[in-house]
Each structure stands twice: as structure tokens, then as C-alpha cells.
Amino acid sequence: MLTSSQHQLLRVISQSGPSSRTVLAASMGLSKAAMSGIARDLISLGVLRETETIYGQGRPSILLDLHPEGAFFAGISLLEDPAPLVLSDLNGNIVARQTMPLSRDPDAIAEMIAHTLPKLLAARKGASQKLSGLGIALSGFVDEKQASCVKSTLLGWQDVPLAGIVRQKTGMTTFIENDAKAVAVSEKLFGDARDIQNFSVVSFDDGIGCAHFIGGKLYRGNHGGAGEIAHCTIEPNGSPCRCGKRGCLDTVASLKAIKEAAKAEGLTCQSLDELETEASLGNASAIRILHRAGSALGLAIAHLIQFNDPGMILITHVEGRFDGLFGTVMRQAVEANVLPRYAGQTPIRTQRVDGDVWARGAASIAAHNFLIGPNPY
Ligand SMILES: [Zn+2]
């Protein structure tokens with residue numbers, strides 16, 4: 001366990017990148033001697049290291065940065081079968097991978113993790129001594145302690161204390177998190193959102209996930225389900241949704257909904273790319289489906305911008321492109337449905353991600369707790 005001042009120093013470096021002792025002391029409000037003492041302890045723990053020397057006016061200064069191999073984290077995604085496990089370093093790089101069969105039984109999941117973890121750790125020398133936490137990403141609501149799954153439709157769970165069950169079997173500090181929130185934390189810690197205090201992540205996959213950082217902190221609301229745009233009603237009295245309501249965004253604009261609509265129209269497209277190609281060739285059904293989905297997603301994002309005024313929206317997608325009809329209609333719907341003063345003010349970035357995105361996000365939850373401390377938000 002690190003002390004709170006050690007966490008504070010790691011937090012500053014993880015937010016601002018490699019920095020000199022003088023800069024770090026100033027941003028922490030400490031004397032340089034006090035800061036150097038904390039840094040010395042972290043260097044001897046192998047978590048910090050001295051990197052390049054900057055020659056400017058006065059004495060040259062040496063920059064301090066996180067040591068990538070100072071700690072390792074395991075991340076597991078319960079979103080697919082087989083479930084991927086990754087090992088990440090302190091910079092968020094994936095250094096090893098494994099998979100395990102997915103189960104809905106929490107004890108069986110813990111059992112499989114305990115069984116697979118040694119194989120994952122064997123891939124990287126020294127990783128097992130420095131394994132500093134385990135993160136699990138799942139579809140559903142998670143409590144603010146990142147310990148218990150409040151509700152997951154996909155897994156059929158209600159109030160499942162998964163982190164404790166896994167900790168008991170593996171002996172590892174374990175945190176669980178909602179899939180989109182895990183990706184948002186990963187982006188804040190290691191990705192494009194590092195310097196942004198207010199942003200939202202929209203994950204576009206078979207379902208649509210959403211998570212928000214507000215004032216530099218992950219915002220989860222009272223029950224862990226803040227800002228879940230997937231179940232906003234977008235078409236009143238529309239198609240039934242798996243959540244029990246009708247006309248949710250998920251029933252119109254998720255990858256699954258788009259593919260189902262294509263199938264219902266007799267199209268043979270297997271992917272969003274193929275549907276885009278059909279639309280570009282003038283297929284009226286393909287155009288209609290992509291138009292409807294893009295409009296719905298754009299409308300939901302416009303509401304999101306209107307509510308939160310984020311500095312960036314990051315759309316992560318495992319399939320498809322956002323430069324075809326779907327993405328174009330989506331962007332037009334955003335602009336058409338926000339107040340004129342917001343129009344064009346919110347950068348919407350899209351990022352194609354690989355299948356490791358959820359497991360990497362899960363590992364970043366453990367990394368965030370290690371770097372920034374418990375109850376980080
Ligand atoms: Zn729904």
C-alpha cells in the first residue's frame with residue numbers, strides 16, 4: 001500500500017507526464033526537499049524512475065516518470081466468450097494475453113481467473129511479483145466502491161459482490177467496473193482524454209455504452225447508472241428493448257440493432273462496412289437503416305452535449321467507420337439538435353478499437369486505484 005502523499009505524486013505525474021522535481025514540488029505545494037523524499041521512496045519501490053535530463057537556464061534538471069515495469073495489472077472482460085485477460089504495465093501497454101471460458105456463475109468466474117492468472121503472468125518475467133491489482137469490466141451497473149455488480153441484464157445478476165469473490169480465490173486486490181466507465185478511465189489515464197476534465201465516452205458495439213468524466217472525476221450518479229444513453233427513449237412506442245422499455249437508443253442505433261434491421265429487410269450484409277457499401281451503391285433499404293440509426297445516435301449525443309457541455313465526445317467502435325453515411329448523418333443530427341451556441345463547439349472524435357479495449361479498460365481500473373488510491377472519485 002502506498003501513502004497518500006505517494007499517491008498524490010503519482011497522480012500528478014500520471015496527469016502531467018514526465019516532470020522535474022521543481023515542477024512537481026510546485027504543483028503539489030511541497031518544499032523540494034519534501035517532494036524529493038517522496039520521490040526517493042517511490043524510486044526505491046521501482047514505481048518511479050529518472051528519465052532524461054533537461055538543460056536550460058541554471059542547473060540541469062532530471063525528469064521523473066512512472067517506471068512502466070514498476071507495477072503490472074490484470075484486466076478481464078466479461079463481455080465476450082471466451083473472456084479475454086490482459087496484463088498491462090504502468091503505462092497501460094498490454095504485455096500479455098490469455099482467454100478463459102465465460103460463465104455467468106460468479107464462483108466459476110473466480111475459479112477460472114485463479115486458474116488462468118498464472119499462465120498470463122508467466123508470459124512476462126517479474127510480473128507476478130509486481131502484480132498490483134486486478135480489474136474486471138462487465139455490462140451493467142456497479143457500485144461506487146467498484147466491488148459489487150448492482151445489476152447486469154447480460155449476466156442476469158443483481159447485487160453480486162464479484163470483487164470480493166474473486167479476491168478470495170486469487171488473493172489479489174480486485175475492482176470491477178461497468179464496461180464504458182472502464183474505457184473512460186483508460187482514456188483519462190493513458191489515452192486521448194489525459195488533459196481533458198470534462199468528456200464523455202460513447203462505446204459503439206452490439207450495445208451502446210456511455211460514461212462521463214465531470215470536473216476530472218468519473219461521474220456515476222446515485223445508482224452507478226448515470227448517463228446511460230443506450231436506454232434513453234429515442235422512438236416513443238418503438239421496438240421492445242431488452243431492458244423492458246420500448247424505443248430505446250439501443251433498439252435503433254446499436255450495431256446489433258443495425259444488423260437485425262438489415263436482416264429483416266432481406267439484406268445479406270454481415271458488417272456495418274458492407275451495409276455502408278450497399279448504401280453508397282444506392283440501396284434504399286441500407287440508406288434508410290443507416291439514416292435512422294445515425295439520426296438516433298446523433299440525437300442522443302446532442303442531448304448529452306446539451307446536458308453536460310463536455311469538452312470532447314469520444315466514440316469508440318470495434319467495427320465499421322464513422323466517415324460513411326451513418327457517421328455523417330450522426331454528426332448532422334448532433335449539430336441540428338443542439339442549441340446554436342453549442343453547434344460545432346464539441347469535438348467528436350471516433351476511435352477504432354480492437355477487442356482488447358474492454359480488458360485493457362478493466363486493467364486501467366486497477367491501475368487507477370494503484371496510482372491514485374482507493375475511492376478515487
Ligand atoms: Zn432499453
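The questions below concern sheets, helix packing and burial in a predicted model.

This is a predicted model in which local features need pLDDT of at least 70 and side-chain atom pairs count only at pLDDT 80 or more, while totals for chains, interfaces and linings use all residues. Residues are numbered from 1 along each chain as its sequence is written, and side-chain values use heavy atoms, with hydrogens and water left out.

Q: What makes S4 and S7 a pair of strands?
A: Two strands pair if DSSP finds at least two bridges between them, and strands themselves are DSSP runs of E with at least two residues, numbered from the N terminus, as are helices (H or I, at least four residues). Strand S4 (residues 72-77) and strand S7 (residues 131-138) are joined by five bridges, in the parallel sense, so they meet the criterion of at least two. Ile76 stands opposite Ile136 in S7.

Q: Which strands are the edges of the five-stranded sheet, and what makes them edges?
A: The sheet is open and has the order S6-S5-S4-S7-S11, with mixed pairing. Strand S6 (94-100) and strand S11 (174-178) each pair on one side only, and these are the edge strands. From one strand to the next, the twist averages 20 degrees.

Q: Why are S1 and S2 called edge strands?
A: In the open sheet with the order S1-S3-S2, the pairing is antiparallel. Strand S1 (19-20) and strand S2 (48-54) each have a single partner strand, so one side of each is left without a neighbour in the sheet. S1 pairs with strand S3 (residues 61-66) over two bridges, and the bridge partner of Ser19 in S3 is Leu64.

Q: How do you know that S8 and S9 count as paired?
A: Strand S8 (residues 141-142) and strand S9 (residues 149-152) share two bridges in the antiparallel sense, so the minimum of two is met. Val142 has Cys149 in S9 as its bridge partner. The two strands form a hairpin with six residues between them, and Gln146 in the turn has a positive phi of about 55 degrees.

Q: What joins S9 to S10?
A: Three bridges join S9 to strand S10 (residues 157-160), and the strands run antiparallel. Lys151 stands opposite Gln158 in S10. S9 and S10 form a hairpin with four residues between them, where Gly156 in the turn has a positive phi of about 70 degrees.

Q: Why is H11 called oblique to H12?
A: The axes of helix H11 (residues 284-308) and helix H12 (residues 325-337) come within 7 Å and cross at roughly 40 degrees. Axes are lines fitted to C-alpha atoms, for helices over the stretch in contact, with angles from 0 to 180 degrees between N-to-C directions. Angles under 35 degrees count as roughly parallel, over 145 as roughly antiparallel, 65 to 115 as roughly perpendicular and the rest as oblique. The crossing angle therefore makes H11 oblique to H12.

Q: Which helices lie across strands of the five-stranded sheet?
A: Helix H7 (residues 179-190) lies across S7 and S11, running at about 105 degrees to S11. Helix H13 (residues 357-372) lies across S4, strand S5 (83-88), S6, S7 and S11, at about 140 degrees to S4.

Q: Why is Ala180 classed as it is, buried or exposed?
A: Buried means under 20% relative accessible area, exposed over 50%, and partly exposed in between (1.4 Å probe, protein chains only). Ala180, in helix H7, has a relative accessible area of 0%, so it is buried. Leaving aside neighbours within four places in sequence, Ala180 is in contact (heavy atoms within 4.5 Å) with Ser203, Gly209, Cys210, Ala211 and Trp358. Ala180 and Ala362 are 182 residues apart in sequence and 9.9 Å apart in space, C-alpha to C-alpha.

Q: What makes Ser285 buried?
A: Ser285 is found in helix H11. Its relative accessible area is 15%, so Ser285 is buried. Apart from neighbours within four places in sequence, Ser285 is in contact with Glu265 and Leu267.

Q: Why does His67 count as partly exposed?
A: His67 sits in the loop between S3 and S4. Its relative accessibility is 25%, so His67 falls between the buried and exposed limits. Not counting residues up to four places away in sequence, His67 touches Gly46, Val47, Leu48, Arg49 and Leu90.
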